[in-house]
Amino acid sequence: MRGVFLAGLAVLCLSGCSAAGSGGATQQAPATADLTITSAAGGAHRFKVELARTTPEQARGLMFRTNIAPDGGMLFHPYPADGGPPREATFWMKDTPSPLDIIFIRADRTIARIAENTTPFSQDPIPSGEPVAAVLELRGGRTAELGIAEGDRVAWGKAGQP
């Protein structure tokens, strides 16, 4: 998917979470969360997303994926994976064959920026434009289909959990 350039840190390549199990014999199902985007343009939109919480999970992101469900996606939280304060993020689409909508989310859980229908396999940087605490990837074109826009609110997790 894309590379994340963190200030003062090495580049992380973010893209597809098909987690390999220990020993390679079995695969663990990825952790998931229910996520809702409340749009000023028209109600609540619900998704079941995979969680990319660790550096290796965030490095894989949605790489190599071609089967992203309309109500699926991946949430990079905490972002950055080291749990530090929100930072500017830059993603790319290297090794990602499916277009994605990349949603950059502020610490207050409002949408800072949406990069719509990103170009598969592109190595062009896709910047957040400001510090973010989470990043959500959805199937390309979903934000336009649903009327999701900058400033909309994003909620996930159980009460009292991130």
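Two rings of Phe, Tyr or Trp count as a pair here if their centres lie within 6.5 Å, and planes over 60 degrees apart make the pair edge-to-face. By that rule, a search of the whole structure turns up 3 aromatic pairs. Keep in mind that you're looking at a predicted model.

**Stop one: Phe76 and Phe91.** Select both and show their side chains. The ring centres are 5.4 Å apart and the planes meet at 90°, so this pair is edge-to-face. Now colour by strand: Phe76 belongs to strand 5 (residues 73–76) and Phe91 to strand 6 (residues 90–91), so the contact ties together parts that are 15 residues apart in sequence. Buried or exposed, what is Phe76? Switch on the surface to check: Phe76 is buried, at 0% relative accessible area. Phe91 is buried too, with a value of 0%.

**Stop two: Phe104.** Stay on Phe91 and add Phe104 to the selection. These two also form an edge-to-face aromatic pair, 5.8 Å centre to centre with 80° between the planes. Phe104 sits in strand 7 (residues 100–105) and Phe91 in strand 6, so this pair ties together parts 13 residues apart in sequence. Phe104 is buried, with a relative accessible area of 0%.

**Stop three: the whole cluster.** Which residues make up the aromatic cluster? Add Tyr79 to your selection and you have it: Phe76, Tyr79, Phe91 and Phe104 form one cluster.

**Last stop: Arg109 and Trp156.** Clear the selection and pick these two. Here a charge meets a ring: the charged end of Arg109 sits over the ring of Trp156, 3.7 Å from its centre.

Key:
Residues are numbered from 1 along each chain as its sequence is written. This is a predicted model: local features need pLDDT of at least 70, side-chain atom pairs count only at pLDDT 80 or more; totals for chains, interfaces and linings use all residues. Side-chain values use heavy atoms; hydrogens and water are left out. Rings of Phe, Tyr and Trp (its six-membered ring) pair if their centres lie within 6.5 Å; planes under 30 degrees apart count as stacked, over 60 as edge-to-face and the rest as tilted. Helices (H or I, at least four residues) and strands (E, at least two) are DSSP runs, numbered from the N terminus. Buried means under 20% relative accessible area, exposed over 50%, partly exposed in between (1.4 Å probe, protein chains only). A charge sits over a ring if NZ of Lys or CZ of Arg is within 6 Å of the ring centre and within 35 degrees of the ring normal.
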